[in-house]
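Let's take a walk through this one together. Have the sequence and the model open, and follow along at your own pace.

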Amino acid sequence: MAVNLVNLEAVGKVYGTRTLLDGVSLGVSEGDRIGVVGRNGDGKTTLIRLLSKLEPADDGRVTHSGGLRLGVLSQHDSLDPAATVRHEVVGDMADHEWAGDSRIRDVLTGLFGGLGLPGFPQGLDTVVGPLSGGERRRIALAQLLIAEQDLIVLDEPTNHLDVEGIAWLARHLRARRSALVCVTHDRWFLDQVCTRMWDVQRGSVHEYEGGYSDYVFARAERERIAAQEETKRKNLVRKELAWLRRGAPARTSKPRFRVEAANALISDEPPPRNDAELMRFANSRLGKTVFDLEGVTVQAGPKVLLKHQTWQLGPGDRIGLVGVNGSGKTSLLKALSAAAHSGGEEQSELVTGGRVKVGRTVKLAYLSQEVAELDDKLRVLEAVEQIRSRVDLGKGREMTASQLCERFGFVKEKQWTPVADLSGGERRRLQILRLLMDEPNVLFLDEPTNDLDIETLSQLEDLLDGWPGSLVVISHDRFFIERTTDRVYALLGDGALRMLPRGIDEYLERRARQSEAAQPGVNAPARSGASGRSSQSSPSSRSSAKSSPSAAASSRPASSSASSAGAQARKPAAVARAGQKEMQRIERQLERVEKKQSELHEALAEHATDFERVAGLDAELRELDSQREELESRWLELAEDG
């Protein structure tokens with residue numbers, strides 16, 4: 001029986017006149033991996049601070065088991081600015097001591113790209129003080145992960161990590177024996193790591209079994225039962241569920257997320273977006289040309305980021321852009337933005353060769369990583385109406401500024417809040433709102449998920465589903481990229497822009513091969529970035545392209561994890577191809593089995609009074625169930641083998 005580590009009994013917390021937690025009772029046991037979700041400001045961070053005894057509860061009590069070894073990563077580190085990275089991470093250990101510890105080697109390589117910390121000017125002897133917030137965050141995370149803990153509490157651990165770093169962290173946490181409580185808006189990470197979810201809402205905490213996908217399903221089912229009317233059933237969480245189930249084969253962390261129940265929930269839910277319709281509308285708004293790159297070279301200072309690149313962004317294209325830090329993702333968008341603002345007449349100073357051609361009808365909106373200056377004296381609704389009072393969302397849909405504010409979490413009373421009083425996440429939401437109100441037909445989003453909670457991300461994704469235009473997204477949030485884009489391109493640091501048919505999984509595989517080529521024979525390869533190395537990834541994201549309609553109609557078995565990208569890279573190509581072909585064959589067989597099962601269920605209903613006929617049909621169903629279980633098991637084996 002699992003030992004109880006932490007108990008919260010009827011805990012309450014009030015700030016000013018606002019009750020964040022009201023009579024909350026929860027427990028954390030050995031082996032628990034708990035993800036905490038909820039809107040910004042609803043009390044997620046407060047909950048884990050109370051749980052960690054970093055601040056006292058107003059009511060109730062929090063108890064820890066005797067001798068509990070607790071590690072906490074908060075949003076503000078307590079590193080000594082005068083100390084070196086070496087002192088903060090490995091303390092007084094001699095080099096041969098820590099270098100001989102496989103856990104320390106794995107953490108340093110995973111978070112910093114190598115044992116010598118290649119991204120830091122003096123390596124381990126770099127002084128902490130002058131480092132950026134992101135670098136300090138990785139040091140604090142390394143310090144925590146190297147120690148032995150019974151319980152790890154993490155507040156937004158994926159902040160400042162790239163796709164590889166997040167994948168490595170998920171693999172590392174899965175392999176640890178420590179219990180885990182984690183606040184994060186990274187839904188892919190939640191699915192990979194967590195086996196339970198806490199949803200913080202209006203002073204209460206609702207518990208769900210499973211990872212993020214299981215939570216979406218359970219929450220949608222709960223809301224369906226609680227509200228029978230059709231308008232309530234067709235809400236945002238059901239649309240997200242529809243995407244999860246119609247996407248690639250395995251979105252959930254456990255096979256218990258049954259196909260029948262999920263399909264029943266989404267049976268009347270249309271696909272997230274009609275690509276053909278949006279493409280036609282995009283063509284009418286943009287014409288045939290959006291951005292054409294002809295032999296373009298992009299250079300930042302002495303560093304060449306793109307060499308003689310020819311590429312086209314067409315009307316209605318939805319592109320996800322990934323790459324190592326410093327590979328030129330943001331520089332590429334800045335170069336395109338400069339060309340758009342000059343109508344293609346002037347090239348950005350970043351473009352040192354070739355030409356960027358811009359369509360005459362392009363109206364670009366560019367969301368940069370920096371929150372644009374907003375007039376603090378304005379109220380939220382005034383700041384939005386300053387751009388426009390109504391916005392055309394396409395397909396005959398129109399929204400007022402107030403309605404769009406509500407979609408982004410600014411309810412009626414919040415719309416009259418002064419901009420000066422908004423949090424960082426709320427200012428980010430307002431920035432995105434103002435961009436959309438200007439009715440652009442091309443959107444560049446550079447790290448749009450920063451500071452946004454999961455509910456706001458879902459609302460933004462829902463809005464982008466019906467947005468007719470060209471879209472380029474740079475993000476370390478792979479869930480957001482897979483949800484909003486159709487194709488993934490990568491900058492791998494070699495001056496080329498490559499399309500990846502299998503999406504982010506293919507990117508991780510390519511990065512793993514690059515690392516192994518750079519350091520052959522090293523088990524934990526160093527990377528040129530400073531965030532992490534390739535790791536396990538879900539087969540659910542093998543491709544960011546749309547699944548076929550037949551695959552969309554049925555969900556495939558879920559795997560708790562796929563093989564590591566490094567292992568995939570080392571596997572002979574012929575073996576990997578054979579495995580992929582067998583998985584595709586099994587998926588086709590599962591479609592036929594599910595179709596036959598559906599036919600048998602209809603026949604059962606038709607012949608309900610013919611007991612002999614019903615017995616025969618029931619026997620056929622049992623045989624099909626057995627066949628399906630075998631196929632699902634084989635699919636899972638292949639997924640785990642990579």
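**A look around the inside**

Start with Phe-189, which touches Pro-157, Thr-158, Ile-166, Leu-169, Ala-170, Leu-173, Cys-182 and Thr-184, leaving out residues up to four places away in sequence. Keep in mind that this is a predicted model. You'll find Phe-189 in helix 7, which covers residues 187-193. With a relative accessible area of 0%, Phe-189 is buried. Take Ile-166 from that list of partners: it sits 23 residues from Phe-189 along the chain, and their C-alpha atoms are 7.3 Å apart.

Now zoom out a bit. The chain has 642 residues, and 56% of them are buried. They come with 23 helices and 20 strands. Among contacts between residues at least 6 apart in sequence, 72% join residues at least 24 apart.

Back to the inside. In soluble globular proteins, nonpolar side chains tend to be buried together. Here, the largest nonpolar core has 97 residues, and Phe-189 is among those with the most contacts inside it, along with Leu-111, Leu-145, Leu-154, Leu-430 and Tyr-507. A second, separate core has 31 residues, including Phe-291, Leu-350, Leu-364 and Leu-497. Leu-154, from the largest core, has plenty to show too: leaving out residues up to four places away in sequence, its contacts include Ile-48, Leu-73, Leu-141 and Leu-144. Leu-173 and Cys-182 are also touched by Leu-154, and both of these turn up among the partners of Phe-189.

Next, have a look at helix 17, residues 454-465, which reaches 16 Å from its first C-alpha to its last, close to the 16 Å expected. Of its 12 residues, 11 are buried, so helix 17 is largely enclosed by the rest of the structure. The buried ones aren't just nonpolar names like Leu-457 and Leu-460; they also include Glu-461, Asp-462 and Asp-465. At the N-terminal end, Asp-453 acts as a cap, with a side-chain oxygen 3.2 Å from the backbone nitrogen of Glu-455.

What about charged residues elsewhere? The count of salt bridges comes to 28. One of them pairs Arg-511 with Glu-164, with their closest N and O atoms 2.9 Å apart. This pair links distant parts of the chain: Arg-511 is in helix 19, Glu-164 is in helix 6, and their positions lie 347 residues apart in the numbering. Arg-511 counts as buried because its relative accessibility is 3%, and Glu-164 is buried as well, at 0%.

Another salt bridge joins Asp-42 and Arg-18, with 3.6 Å between the closest N and O atoms. Asp-42 sits in the loop between strand 3 and helix 1, while Arg-18 belongs to strand 2. Asp-42 is buried, at 15% relative accessible area, whereas Arg-18 has 44% and so counts as partly exposed. There's a network of salt bridges too, linking Lys-13, Arg-49, Glu-55 and Asp-58.

So which side chain of opposite charge is nearest to the buried Arg-434? That would be Asp-375, but it is 8.5 Å away, and Arg-434 has no salt bridge. Arg-434 lies in helix 16, and its side chain makes a polar contact with the side chain of Gln-386 at 3.1 Å. Leaving aside neighbours within four places in sequence, Arg-434 is also in contact with Leu-374, Ala-383, Val-384 and Ile-387.

Note on methods: Residues numbered from 1 in each chain as written. Predicted model: local features only at pLDDT ≥ 70, side-chain atom pairs only at ≥ 80, totals over all residues. Heavy atoms only, no water. Helix = DSSP H or I, 4+ residues; strand = E, 2+ residues; numbered from the N terminus. Buried < 20%, exposed > 50% of the residue type's maximum accessible area, 1.4 Å probe, protein only. Lys, Arg positive; Asp, Glu negative; His and termini not counted. Salt bridge = Lys/Arg side-chain N within 4 Å of Asp/Glu carboxyl O. Polar contact = N/O pair within 3.5 Å; in protein donor to acceptor, adjacent residues only side chain to side chain. Contact = heavy atoms within 4.5 Å. Core = buried A, V, L, I, M, F, W, Y, C linked by side-chain atoms within 4.5 Å. Expected span 1.5 Å × (residues − 1).
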